[in-house]
Amino acid sequence: MSVDTEEQSRSTSRDEALAELERDWGERPSLRGWFSTVDHKRIGRRYMVTAGIFFILAGTDAMILRTQLARPNATLLSPEMYDQLFTMHGTAMIFLFSTPMFFGFGNFLVPLLIGARDMAFPRLNAFGYWVFVCAGTVMFTSQLVGRAPDGGWFGYVPLTDTPYSTGVNLDVYSLGLLFLGVSTTAGAINFIVTVVKMRAPGMSLNRMPLFVWAIVGTSFMVIFALPALNLANAMLFLDRRFGAHFFDPGHGGSTLLWQHLFWIFGHPDVYIIVMPALGIVSAVLPAFCRRGVVAYPLMVLAIVTISIISFGVWVHHMFATGLPQLSYSFFSAASTLITIPSGIQIFAWLFTMLRGRIVVRTPFLFVVGFIVTFVLGGFTGVMFAITAFDQQVTDSYFVVAHFHYVLFGGAVFPMLAGIYFWLPKFTGRMYAERLSRWAFWLVFLGFNTTFMPMHVSGLLGMPRRIYTYPGGLGWDIWNLISTVGAYILAVGLLLVLIGVVHAVRRGAPAPDDPWQGDTLEWGTTSPPRPYNFAPVPQVHSLHPMWDERTTGALAIDEPLPDHRAMTTSELDGREEGVIEMPEASLLPLAVAAGILVVVLGLLWAWYWTGWYWFAGAGALLIFGAVARWLWPPERTPEEAGVAS
Ligand code: HEM
Ligand SMILES: [Cu+2]
């Protein structure tokens, strides 16, 4: 056989192998296929779209708030409406938008970045998504019918406990967040197992992309922090509906207990939100600086130390509660300390830019916008770490300014950078550069015009969470500027949306690797085939796509056949074995629906106790579906591998 025909026959056998993979991994484009999918890319995109919709809803809440606050003595909103609006705005932005959006990024990207075929538990992944949609829908529906939570996003007792809060509002909060917590926990466990067991051969821990480190750090924080919130909400529900008195000092309970439990979760949650965003920054920069992020080991160390120290600072949210001086000093010091790893990351990015050859594109602009705003939020954060300063401005608009610089600056800017950066991979289309630069400048300008003046109104004594204010206190002009800024910001965000929709509809088809990126997701098609990579990628360095050993092998290696994936060892990423991956299934949806029925039943029981029976029926549905899910599949002996 001549060399030519040999090559030809090799390429036809490769084509056949690819067609077979397509059959094994492709999902039916039917309605059933839509509900039963377990493909991490489809689930990831859905997470992002759903979280995007919740962002629009929570953002609309904010625009209504800002419209009311534009002028003194406004009457657009009643105090009760205002309470529901700011509570739903904060709660949704934190729980229904930020974390789920990053889980969407992680879902789509983590398997690609580590060269895997899917998440370790694809069905658990689908389950997490369905629970998230149901929980978010319940919470926003409560707002439509005027029964939304109204106790602020941190739901302090005694205001949120009986007898001060009657009606279903706060049960929507406690049950809604418990419901949602199921999804977040499932997602976190899935990320950890995926990263630990499914990395491509050769991807030892010290060759893992920083974004993947960030997702793992986040997932560990979720697993340790969320139980505190779940406990607090379960106790609140028992207090309210079954007279448990956990938080009732009149019967031996404690109101401070709620604050402790909430913030033991709540401060790590700030990092749960911001850490994946920092990971996005570390992923975007190399492509636009033409070099890796400097000081990789220090960056990893920073992620790990932040994940740990963030559990030791929660009392800085309680500096005004009259705890002993010693504990203030400790938490004040710890809060100052945590700026060190955050600072290390900022300096590493700056040096990466200094040392690199910069290419300015929209994702890069959003990264710069992030650094500016996040550092400003960090400055006011250090001010708050000083107890004496905190006690002066706590619960004023200075706080509102601070945490929007941290959360919007630290999470939304990087998220937008990530959306433009990976849009080619997510959708197979390129965005329009000019339109997206307009979007950047409007968002940047609008953001600072909205929130910079709040520092001033806060220092002038304007408390947060007031539905209106009298004129003549010096607050008027600053509030008006804030509101104008909010409208500019809204226009900028609208341009982002238009840009994305336009790209999906009629953007130019994206090449596989439009940015000459360094990580594995750029080594497959845009968007990736259902099986991600045909041959299993071989990793030899921290930047596999800048390494010919990896790219060369990807082009010629034999595809890994069948509906299978490879597992590797935890530390060194050595090949361990090949496992069969689960097929699409409706069971995840069924279990999520069962939990939804339980939650709805418990909420409706406010109005008619008969609904407890409804909740019981939901519990049966959960039980049945879980049993079916866990039932060992029937296999022939050959399939089970016994015969050999
Ligand atoms: C889209 C632009 C945004 C605007 C115009 C905006 C505006 C506001 C305003 C005016 C308040 C204060 C209400 C009050 O204290 O009376 C507020 C509170 C809050 N915002 Fe935003 N916000 C925006 C985006 C975000 C984002 C992206 C996040 C988080 C990721 C966020 C999280 C919060 C939280 C947690 C609160 C506190 C709610 C509470 O007091 O319980 N906001 N926002
Ligand atoms: Cu904190």
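In the predicted model, a polar side-chain atom of Tyr 82 lies 2.6 Å from an oxygen atom of ligand 1. Two arginines also approach oxygen atoms of this ligand: an N or O atom in the side chain of Arg 465 is 2.7 Å from one, and for Arg 464 the corresponding distance is 3.0 Å. Elements that contribute two or more residues to the shell around ligand 1 are helix 3 (40–69), helix 4 (79–113) and helix 14 (397–427). Helix 4 supplies the largest share, 7 residues. In total, 21 residues surround ligand 1, and the closest are Tyr 82, His 89, Trp 153, His 404 and Arg 465. Sorted by class, this shell comprises 13 nonpolar, 5 polar and 3 charged residues.

The second site holds a copper ion (ligand 2), which is coordinated by ND1 of His 267 and by NE2 of both His 316 and His 317, at 1.7 to 2.0 Å. The donor residues follow the spacing H-x48-H-H in sequence. His 267 belongs to helix 8 (residues 255–289), whereas His 317 sits in the loop between helix 9 (296–309) and helix 10 (325–337); the pair therefore ties together parts that are 50 residues apart in sequence.

These two donors also differ in their accessibility class. His 267 has a relative accessibility of 8% and counts as buried, because the cut-off for that class is under 20%. His 317, with a relative accessible area of 28%, is partly exposed.

Note on methods. Residues numbered from 1 in each chain as written. Chains lettered and ligands numbered in written order. Predicted model: local features only at pLDDT ≥ 70, side-chain atom pairs only at ≥ 80, totals over all residues. Heavy atoms only, no water. Near = heavy atom within 4 Å. Polar contact = N/O pair within 3.5 Å; in protein donor to acceptor, adjacent residues only side chain to side chain. Helix = DSSP H or I, 4+ residues; strand = E, 2+ residues; numbered from the N terminus. Nonpolar A, V, L, I, M, F, W, Y, C, P; charged D, E, K, R; others polar. Donors = N, O, S within 2.8 Å, 3.2 Å for Na, K, Ca; no water. Buried < 20%, exposed > 50% of the residue type's maximum accessible area, 1.4 Å probe, protein only.
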